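Got the viewer open? Here is a short walk through the chains, one selection at a time.

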Amino acid sequence: MALRVFGLNIVRSNRNLLKNAHKLSAPPSGYMAVAPFASEVTVQAAPAAVQKQKVSKAMRAYLKRANEHDEFMKTQHLEFQIGKRHLANMMGANAETFTQEDIDEAISYLFPSGLYDKKARPALKSPDVVFPARKAAEFDETGRPFHSMFYTGKPNFFQLLHDIVEETNKLADLEERLLRRGNKPDENQKLEMAGFQLLPKDQLELFLVESIADIEYSNFTKSMERLIASPYAYKSKSFIERFLKPLMDQSKQLEVPKPKIDEEGRQYITTYECLRKTARADVTVRFPGTGKISINGKDILYFEDENCKEQLLFPLQFSELLGKVDVEANVEGGGPSGQAGAIRWGIAMSLRSFVDQEMIESMRLAGLLTRDYRRRERKKFGQEGARRKYTWKKR
Amino acid sequence: MSFLSIIAGKTSKYSSLRLMSVYPTQYVEPIVQKDKQNEQKTELSKLYHVPIKAAVNKSSDTVFHDDTKEKMINYITKKGNSALARTLLSKTFELIKRTQTEHMNLAKGEKNAINTNAETLLKQAVENCRPLLQVTAIKRGGVTYQVPVPITTRRSYFLAMKWLLDAAREKERKVSLPEKLAWEILDAAHGQGRVVKRKDDLHRQCESNRAYAHYRWS
């Protein structure tokens with residue numbers, strides 16, 4: 001660094017800039033986004049116009065701000081260390097090996113809080129987590145910006161768009177060249193996008209260290225989709241993967257309980273709190289069985305409605321276990337339709353333990369494993385019902 | 001989410017987007033029938049990561065389930081008494097079955113030509129009664145014109161079923177609804193009767209007002 005001209009102070013602050021950049025590239029709190037752009041900015045910090053004596057106003061203001069921030073962070077770090085030490089002493093532990101988890105535990109033990117919101121409870125965290133990373137200087141001491149897109153106000157974002165388009169054009173060129181040669185894209189290497197989604201807006205913002213507008217985010221998604229739609233998208237897999245987030249398998253999200261064994265040596269599963277409308281049921285499914293159904297001590301004729309009986313049998317028939325399991329249910333509250341719906345959900349949830357993963361997924365797709373949260377819509381004042389308006393005639 | 005709605009959303013020809021739903025927008029309609037799931041097996045892998053709405057309490061995967069039938073029950077229902085509507089429709093089907101079987105037994109030769117399946121007869125009747133166009137009143141220069149406009153598939157099914165039911169409800173007090181509805185369905189299934197005539201009348205009216213068709217947009 002040839003910033004010697006300006007005295008030690010500047011060199012130090014520039015070193016701090018570098019440090020900041022490192023912090024950005026490895027964010028402390030498990031964010032998956034890495035910020036290569038922000039660090040790039042400082043890496044190329046060797047200014048072109050070194051010999052110039054004049055420091056621009058912008059740079060001076062920036063350096064002042066950066067210094068202040070550094071001082072502030074330093075005191076914060078000191079305070080954090082002291083606080084940590086106090087906590088460790090109170091807990092009788094070694095302050096050097098006291099981790100963040102120990103801190104959280106100590107605080108919840110020493111300062112128990114009845115506040116509902118977790119954010120409102122007392123906490124002690126590293127200042128790096130509390131005060132988010134800032135962008136390092138984007139211009140040299142003469143005020144000349146490093147980035148060609150500095151004056152867009154969001155250089156990292158527009159650079160990203162630029163990169164995406166460059167990648168797309170590269171793939172288009174490749175496609176044309178290979179087409180002329182008569183080659184076809186490899187079907188086996190095709191990008192599988194089903195289990196992924198593009199980075200959501202807030203995570204992209206963390207990645208870029210810039211806040212972007214909704215329309216800009218939609219520009220990003222559109223250009224990414226155009227890139228992914230290319231038949232040779234697998235060639236820029238590493239680029240695309242940086243902006244993808246894996247999705248969880250829906251049917252694997254809920255853990256399937258292991259069946260218990262009753263006195264007769266049969267497997268059984270009890271599902272509590274089966275809710276639908278205002279009905280509530282507990283459902284026990286026993287396997288192997290003979291297809292016996294008992295609801296509040298009665299058999300399936302507990303329901304007079306044909307529709308309700310059909311609903312009860314729906315999951316059993318769907319999973320082909322009709323006549324192979326016994327069902328016992330206790331149900332209260334609500335009307336017949338709600339009760340039947342509650343028991344249906346309970347049976348479906350319990351049956352997961354007796355069928356294979358493929359059938360579970362099939363049942364999920366049929367909508368049997370989703371809890372039906374729909375409730376009666378309230379009547380509104382000034383209206384005859386939930387939606388219907390009073391008859392009104394002007395004249 | 002558009003491609004997903006194509007796979008999952010169009011499970012029923014009557015389905016449409018519901019506003020003010022309790023389900024967030026990423027939820028898609030369930031595919032209740034197992035046959036349909038097997039048909040689209042390759043596309044279903046896209047749904048692994050998508051949450052599914054709960055199956056409504058009218059749906060089921062039995063051979064007795066039929067979309068047209070369920071819709072008809074909904075239209076027959078008065079004041080939420082769908083159990084009664086169900087029995088009325090099953091009585092209707094019974095009557096249709098009886099008459100058709102009688103016809104079949106009385107017929108000389110070609111006994112298989114007579115359809116005795118009440119559900120397919122209902123579907124046939126609804127298809128025969130579906131209008132393509134309707135007229136709406138549009139005011140231009142102080143004069144109201146009857147302007148023919150095309151209607152959506154959904155609405156055409158609605159009108160067909162409504163007309164069938166209107167015709168069935170227009171009866172003597174002594175005649176029961178299932179009896180009259182059975183007659184109307186049988187008539188319409190054979191391309192005759194009041195409902196098909198009503199459709200033809202509407203089409204004729206549209207045809208005679210074709211000169212005003214441009215008022216739809218000008």
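Which residue is the bridge partner of A:Thr271 in strand 5 of chain A? Select A:Thr271 and look across: the partner is A:Val283. Keep in mind throughout that you are looking at a predicted model.

**Colour by confidence**

Start with chain A coloured by pLDDT. The mean is 83, with 85% of the residues at 70 or more. Now select residues 1-46 of chain A, where the pLDDT is below 50. In the model that stretch still has 64 contacts beyond near neighbours in sequence. Don't lean on them: where pLDDT is low, the predicted coordinates should not be read in detail.

**Chain A, the wide view**

Switch to cartoon. Chain A has 13 helices and seven strands. Of its 395 residues, 24% count as buried. Take the contacts in chain A between residues at least 6 apart in sequence, and 68% of them join residues at least 24 apart.

**The sheet**

Next, pick out the open sheet of five strands in chain A, which runs in the order 3-4-5-7-6 with mixed pairing. Its edges are strand 3 and strand 6 of chain A, each pairing on one side only.

Begin at the strand 3 edge. Select residues 260-261 (strand 3) and 267-276 (strand 4) of chain A; they pair in the antiparallel sense over two bridges. You can click through both: A:Lys260 sits opposite A:Tyr268, and A:Ile261 has A:Gln267 as its bridge partner. The two strands make a hairpin with five residues between them. In that turn, check A:Gly265, whose phi is positive at about 85°.

Step across to strand 5, residues 279-287 of chain A. Strand 4 and strand 5 of chain A are antiparallel too, paired over eight bridges, and the A:Thr271 and A:Val283 pair you opened with belongs here. This is another hairpin, with two residues between the strands. A:Lys277 in its turn has a positive phi of about 50°.

**A stop at A:Val331**

Now centre on A:Val331, in strand 7 of chain A. Is A:Val331 buried or exposed? It is buried, because 22 other C-beta atoms lie within 10 Å. Leaving aside neighbours within four places in sequence, show what A:Val331 contacts: A:Ala279, A:Ala281, A:Ile295, A:Asn296, A:Gln339, A:Ala342 and A:Ile343. Try a distance label to A:Asn296: the C-alpha atoms are 6.6 Å apart, while the residues are 35 apart in sequence.

**The largest nonpolar core**

Zoom out to the largest nonpolar core, with 41 residues. Select A:Ala281, A:Val283, A:Ile343, A:Ile347, A:Ala348 and A:Ala366, the members that touch the most others. Two of these names, A:Ala281 and A:Ile343, were on the contact list of A:Val331. Strands 4, 5, 6 (293-295) and 7 (326-332) of chain A, along with helices 11, 12 and 13 of chain A, each supply at least two residues of this core. Which helix of chain A gives the most to this core? Helix 12, with eight residues.

Click A:Ala366 next. Beyond its neighbours within four places in sequence, A:Ala366 is in contact with A:Phe318, and also with B:Pro30, B:Ile31, B:Val32 and B:Ala55. Another core lies apart from the first, with 30 residues that include B:Ile96, B:Ala125, B:Leu164 and B:Ala167.

**Where the chains meet**

Bring up chain B beside chain A and select the contact: 28 residues come from chain A and 25 from chain B. On the chain A side, helix 11 (306-318), helix 12 (336-351) and helix 13 (357-365) each supply at least two residues. Helix 11 of chain A gives the most to that side, with seven. Colour the chain A side by residue type and you get ten nonpolar, ten polar and eight charged residues.

**Chain B and its helix 4**

Hide chain A. Chain B has nine helices and two strands, in the order α-α-α-α-α-α-β-β-α-α-α along the sequence. Of its 218 residues, 23% count as buried.

For the last selection, take helix 4 of chain B, residues 67-76, where B:Met72, B:Ile73 and B:Ile76 are buried. Look down the axis: these residues cover an arc of only 105°, so they are on the same side of helix 4 of chain B. What do the buried residues of helix 4 of chain B pack against? Show helix 5 (82-106), helix 6 (118-129) and helix 7 (153-169) of chain B, and there you have the packing partners.

Terms used: Residues are numbered from 1 along each chain as its sequence is written. Chains are lettered from A and ligands numbered from 1 in the order in which they are written. This is a predicted model: local features need pLDDT of at least 70, side-chain atom pairs count only at pLDDT 80 or more; totals for chains, interfaces and linings use all residues. pLDDT is the predictor's confidence in each residue, from 0 to 100. Two residues are in contact if their C-beta atoms, placed from the backbone, lie within 7 Å. Two strands pair if DSSP finds at least two bridges between them. Helices (H or I, at least four residues) and strands (E, at least two) are DSSP runs, numbered from the N terminus. Ala, Val, Leu, Ile, Met, Phe, Trp, Tyr, Cys and Pro count as nonpolar, Asp, Glu, Lys and Arg as charged, and the others, Gly among them, as polar. A nonpolar core is a set of buried Ala, Val, Leu, Ile, Met, Phe, Trp, Tyr and Cys residues joined through C-beta atoms within 7 Å. A residue is buried if 20 or more other C-beta atoms lie within 10 Å of its own, exposed if 12 or fewer, and partly exposed in between; C-beta atoms are placed from the backbone. The arc is that of the directions from the helix axis to the C-beta atoms.
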